[in-house]
Protein chains: 2
Amino acid sequence: MRIGELARRTGVSERALRYYEEQGLLTPVRRPSGYRVYGDADVAAVRRIRILLAAGLNTAQILEILPCIVDEDGWLTPDCPELVEALRQQRSRIDDAIGELETTRANLDTIIGSEKAAASRGTRPPS
Amino acid sequence: MRIGELARRTGVSERALRYYEEQGLLTPVRRPSGYRVYGDADVAAVRRIRILLAAGLNTAQILEILPCIVDEDGWLTPDCPELVEALRQQRSRIDDAIGELETTRANLDTIIGSEKAAASRGTRPPS
DNA sequence: CTAAACCTTGACATTGACGTGAGAGTCAAG
DNA sequence: CTTGACTCTCACGTCAATGTCAAGGTTTAG
């Protein structure tokens, strides 16, 4: 398929697809005319890229870990421990932020005096 | 304290601190000379801001939820129902922010295939 | 009082992940 | 062969969160 169809099938703009190629994340075959030709596997590849971007990784990091990812039937399975470690760190940063927001929310509930505040009884305000 | 000391105590550049003020996240008092003067509470405030930024929230989102954070002594006691309503709205924005972060974290978990992902066994990868 | 250290407001530069044309080539249908 | 849809490569624009440099005012130690 050509770039337009891949764009439609993934919901990703043509510009973004060309950008991913520029960053080495995709390597479509070229026709003599220069037209890019993608395979069915690229639909899944683009999906993977988007998941990783959505998780806060940048294209350089994604490029590094792509070879570590085994795609068995749509599942993303990390292969090397370095990758897992990096992802865990990212995860813990997000955990911290969620914790902060939950504390904030509990504070709010205390002020509002709603029923929901009962669930966080004993929670102290942030120092 | 002045901006240099706050920068040292938080590890955040002076430029960033001025930027946070520009975005309404910090509101130091000013001396007649124009020098910014911060209080001890601002050290904690900056720390909160950094955690939320690190998790992918932008300054506008942080600005929305920041006034909901009650620290140590500054208890807000709402009398008028308008205030309570405003607080409820803020609460729901915090819920949204938490929801976004949880989605991101779930994406990460799917990739990591960690113990926590086991809880969602059978989950299909995001489209 | 003076020098060093600190602070101020601009304002332009940068990085990442694209958006948005411009101008030109390619391809399938009629 | 022509038209219209599709694609190509520049190349500049954008937005957020800073970095960096410039030209000047302020404070404090000696």
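Let me start with residues 114–127 of chain A, where pLDDT, the predictor's confidence in each residue from 0 to 100, stays under 50. For this stretch the model has 19 contacts beyond four places in sequence, a contact meaning that the C-beta atoms of two residues, placed from the backbone, lie within 7 Å. This is a predicted model, in which local features need pLDDT of at least 70 and side-chain atom pairs count only at pLDDT 80 or more, while totals for chains, interfaces and linings use all residues. Residues are numbered from 1 along each chain as its sequence is written, and chains are lettered from A and ligands numbered from 1 in the order in which they are written.

Chain A has a mean pLDDT of 77, with 72% of its residues reaching 70 or more.

Now to the DNA. Strand C is surrounded by 17 residues, the closest being A:Ser13, A:Ala16, A:Asn58, B:Arg2 and B:Gly4, where near means that a residue's C-beta atom, placed from the backbone, lies within 6 Å of the strand.

Turning to the interior, the largest nonpolar core has 18 residues, of which A:Ala97, B:Ile49, B:Leu52, B:Ile62 and B:Ala97 touch the most other members. Such a core is a set of buried Ala, Val, Leu, Ile, Met, Phe, Trp, Tyr and Cys residues joined through C-beta atoms within 7 Å, buried meaning that 20 or more other C-beta atoms lie within 10 Å of a residue's own. Leaving aside neighbours within four places in sequence, B:Leu52 is in contact with A:Ala97, A:Glu100, B:Leu57 and B:Ile62. A second, separate core of 16 residues includes A:Tyr20, A:Ala45, A:Val46 and A:Leu87.

Technical notes:
Buried ≥ 20, exposed ≤ 12 C-beta atoms within 10 Å, placed from the backbone.
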